Amino acid sequence: MTTDTKRNFKVVGTRPNRPDGVDKVTGRAMYGADATAPGMLWGKVLRSPHPHAEIVSIDTSEAMKLPGVQAVVTGADFGDPESLFVSDVQEHCMAKDRVYYDGHAVAAVAATSASTAAKALKLIKIVYKPLPHVTDVDAAFAHGAPVIMHHRAFEILPPGTSANATNFCEFGHGDLHEGFAKADLIVERSFRTAATHQGYIEPNACLASYSSDGRADLWCCTQGHYHVRDLCAQIMGMEAAQLRVTASEIGGGFGGKTSIYVEPVALMLSKKSGRPVKMVMSREEVFRATGPTISSSMDVKIGMTKDGRMTAGQAVIRASGGAWPSGTMEMGAQAAFACYDMPAVKTIGWNVLTNRPKESAYRAPGAPTAIFGVESVIDEMSQKLGLDPLEVRILNAADAGTLSSYGPTFNQIGLKATLEAAKNHPHYKAPLGPNQARGLSCGFWFNFGGNTSVSLAVNTDGTVNITEGNPDIGGSRASIGMMAAEELGIPFADVRTIIGDTASIGHNDTTDGSRVTFAVGLATIRAARDAIQKMCHRAAQIWDIDPDAVEWEDGAAKPSGPNAGQFPPMTIKEIAANAFRTGGPIAGHHEVNADGAGVSFGVHIADVEVDPETAHTLIKRYTVFQDAGKAVHPSYVEGQMQGGAVQGIGWALNEEYIYGADGRLQNAGFLDYRIPVASDLPMIDAVILEIPNPGHPYGVRGVGETGIVPPLAAVANAVTRAVGTRMTDLPISPPKIMAAKAAAGK
Amino acid sequence: MSTIHVSTTINGAPTDFVCEHDETLLDVLRNRIGLTGSKEGCSSGDCGACSVTVNGRLVCSCLVLGAEAQDAEVHTIEGMADGPTLHPLQKAFIEHAALQCGFCTPGILVAAEALLKEKPEPTDEEVRYWLAGNLCRCTGYDKIVRAVQAAAAEMRGV
């Protein structure tokens with residue numbers, strides 16, 4: 001594909017007001033919990049207090065007798081989906097004969113009011129037989145750990161491996177032995193990272209309406225309503241066409257709304273009661289039962305020459321994605337050394353089961369924790385060798401033609417340019433005060449493309465409606481509309497973009513992997529080109545010339561040259577006005593499984609100040625450098641970079657799932673699970689670089705995920721330099737800093 | 001279940017409702033009055049997505065009982081714009097891209113309006129501390145602080 005980088009963009013690169021802005025500042029926008037239906041019931045879930053137990057019996061008879069209760073469901077109401085994956089998802093939504101984590105759903109009630117449903121839950125009698133549990137990744141991997149599920153290993157694992165091990169992967173190239181032999185310095189370190197939650201402010205919510213004719217409608221906040229439709233249809237034993245899913249506005253997701261939790265339960269309650277059922281998770285339920293990230297433990301070993309060139313790198317990642325198999329550590333193992341041109345590299349990933357909720361994606365899943373380990377060791381080696389850590393990264397940075405650590409050879413990538421921008425930025429040379437230090441880290445994300453459908457209708461007044469199928473999680477309606485306006489040569493205000501439901505447009509993969517601006521943008525540009533071709537035909541018809549002699553420029557058809565004929569340009573408005581007389585309505589569409597997403601790199605610089613008495617870490621200054629390929633709406637690109645950085649800062653400093661010895665989550669609320677608040681932070685400077693992605697007509701790369709990757713190590717490296725001892729265990733909370741200082745005699 | 005009859009004023013309009021004795025103002029607004037602009041993010045007063053003012057005081061409506069609205073003046077996000085004319089804060093949030101998902105936005109706008117009533121010329125630090133009870137997971141707060149300052153400047157006529 002040719003990228004039109006010399007193009008003189010008129011709309012792309014500007015900062016128009018987003019089309020959904022007014023609805024979202026006036027309270028009119030409808031989110032997951034905002035819909036109602038006539039005769040609607042309220043559904044609530046009863047959850048297990050045990051981390052691991054056999055369900056001996058469930059007695060719902062008293063609950064059913066409570067006036068106002070219309071339906072009760074348990075695992076017995078659900079069948080056995082053919083697909084093992086769907087079966088796992090279903091079991092996570094509603095337990096069958098065992099509970100696998102504190103908060104696991106065991107029953108649900110639908111009643112005429114939320115308070116009645118809550119009362120009914122207390123009348124359900126469940127007899128559990130508690131089983132031994134394990135919530136720590138290293139403990140679960142150890143010999144003799146309680147076994148959570150048997151026979152879930154996807155590979156033939158070496159004898160003696162924990163029965164909880166399910167997934168294994170290995171990547172790399174070159175001769176490690178030879179590589180380490182060439183090194184002047186070898187550093188090997190172990191790291192641990194806590195599970196964190198996506199922390200979207202909108203709890204998961206849905207409204208399900210199942211009709212007695214077997215058709216159903218589901219309204220929910222999700223990143224991917226097609227995926228919700230496919231999962232729920234399989235769980236409910238429905239054909240896909242009979243279940244229409246509409247994505248509400250979404251109050252944050254960050255990967256956490258790529259699966260289902262209460263949706264099939266609401267459908268089942270609606271089916272049994274014959275009435276619409278609304279379910280809204282509480283914040284406590286969100287923490288206990290929706291996807292946190294993996295928790296991980298890893299060993300990193302790097303060899304380096306005395307001038308800073310890496311000769312070999314190795315990482316072993318042990319991760320847990322909760323009580324069901326998870327492949328997230330595979331993306332971590334791929335990403336660990338992706339930033340560098342490694343002569344020899346090997347990464348190994350393990351997943352092990354623990355009694356925790358089923359892990360869900362969180363912004364660049366797997367990459368932040370893996371890269372935290374690698375970037376920490378590089379920082380330590382730079383310190384030991386007396387080298388500038390930024391120069392070391394420039395020396396080793398992957399470039400076009402580099403064989404990546406996970407297999408592919410990179411084409412045009414922006415890491416070196418991003419590192420150079422960081423080096424030349426005033427932040428990197430700015431003076432530091434007492435107890436302050438500076439850290440930096442590179443970051444990487446693959447970026448996804450994927451299956452995408454876009455339909456573009458030209459209205460009779462020449463304005464345009466776009467129907468796409470990816471929930472707008474951070475301004476994508478704006479960027480999609482901008483690309484359509486750019487391609488058609490019309491004002492952005494003439495385009496309105498909506499997100500269709502599953503019955504109104506073909507399949508779309510979930511809003512994930514930073515795919516939307518890239519893939520939906522690509523499909524939108526091609527849908528616009530499809531419409532343009534049709535409009536050129538209509539103009540040719542009116543002019544009575546060959547369609548090949550018509551071209552499109554600035555929102556109008558015009559003869560391609562003097563030989564084609566002498567006609568003034570015919571605008572989209574004129575063509576549209578004549579549509580019914582020249583063959584009927586005009587629309588363009590495009591369906592694609594988009595590849596060529598173009599990998600993404602970023603570099604972050606963090607200045608911290610660590611209070612010598614309280615060990616509280618304050619972020620003093622923070623700058624993000626990231627390659628956007630082409631920033632369609634720069635304000636929302638900056639927003640992705642800033643938001644990702646702050647989530648990463650939270651992961652580095654505050655956020656963690658804390659399980660007690662009883663296997664129960666101890667901090668299931670925003671008071672005790674502390675995400676960064678406004679007063680914790682400085683401004684987050686965002687520097688956009690534009691190294692065009694050859695896989696997109698305008699050079700666009702996804703920008704959503706890379707931003708969360710570097711902060712873990714950037715902050716850890718800064719704190720390490722501030723306190724004089726290496727911090728290897730996230731989050732770097734004050735007690736850990738105190739303990740590390742005490743251990744180092746400081 | 002006994003219910004309570006409450007007479008109140010919401011966004012300037014006299015309003016009557018009945019609610020359960022333990023029902024929160026947030027649930028009343030959302031489920032009985034149909035004002036779903038105030039959001040429930042935590043129901044424990046930690047996230048601020050349900051921020052409203054009661055008799056001019058900024059509160060989390062999830063921590064106020066519906067019954068407490070008797071004879072009170074309640075203001076919600078739905079009352080912020082003057083008909084079709086957006087409040088300068090609302091305009092600034094759109095123009096500065098200070099929202100991504102928009103879920104925390106109503107609460108932050110209500111809180112920011114209360115700040116600017118009290119302090120028309122806040123420092124960035126004052127904005128950050130005032131909004132520390134309003135969680136936003138999308139933006140990293142940078143553009144929110146800038147938008148509040150831009151609106152404050154516009155409201156001061158500079």
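How much area does chain B expose, and what share of it do carbon and sulfur atoms supply? Chain B exposes about 6,200 Å², and 49% of that comes from carbon and sulfur atoms. As you look around, keep in mind that this is a predicted model.

**First stop: the fold of chain B.** Select chain B and switch to a cartoon view. You will find five helices and five strands. Trace the chain from its N terminus and the elements come in the order β-β-α-β-β-β-α-α-α-α. The radius of gyration is 16 Å, close to the 15 Å that the globule rule gives for 158 residues, so chain B is as compact as a globular protein of that length. Along the principal axes, its C-alpha atoms fill a box of roughly 50 × 30 × 25 Å.

**Second stop: inside chain B.** Now show all atoms. Of the 158 residues here, 58% count as buried. Among contacts with a separation of 6 or more, 54% join residues 24 or more positions apart.

**Third stop: the charges.** Color chain B by charge. There are 12 positive and 21 negative charges, and their mean positions lie 8 Å apart.

**Last stop: the cysteines.** Counted over all chains, there are zero disulfides. Start with C101(B): its nearest cysteine sulfur, in C138(B), is 3.8 Å away, and C101(B) is in no disulfide. With a relative accessible area of 5%, C101(B) is buried. Next, move to chain A and select C220(A). The closest cysteine sulfur belongs to C206(A), 6.4 Å from that of C220(A), which is too far for a bond. C220(A) also counts as buried, at 0% relative accessibility.

How values were computed:
Residues are numbered from 1 along each chain as its sequence is written. Chains are lettered from A and ligands numbered from 1 in the order in which they are written. This is a predicted model: local features need pLDDT of at least 70, side-chain atom pairs count only at pLDDT 80 or more; totals for chains, interfaces and linings use all residues. Side-chain values use heavy atoms; hydrogens and water are left out. Helices (H or I, at least four residues) and strands (E, at least two) are DSSP runs, numbered from the N terminus. The radius of gyration is taken over C-alpha atoms; the globule rule is 2.2 Å times the number of residues to the power 0.38. Buried means under 20% relative accessible area, exposed over 50%, partly exposed in between (1.4 Å probe, protein chains only). Contact means heavy atoms within 4.5 Å. Accessible areas come from the Shrake-Rupley method with a 1.4 Å probe; for residues, only the protein chains shown count as cover. Lys and Arg count as positive and Asp and Glu as negative; His and the chain ends are not counted. The place of a charge is taken as NZ of Lys, CZ of Arg, CG of Asp or CD of Glu. A disulfide is a pair of cysteine sulfur atoms within 2.5 Å.
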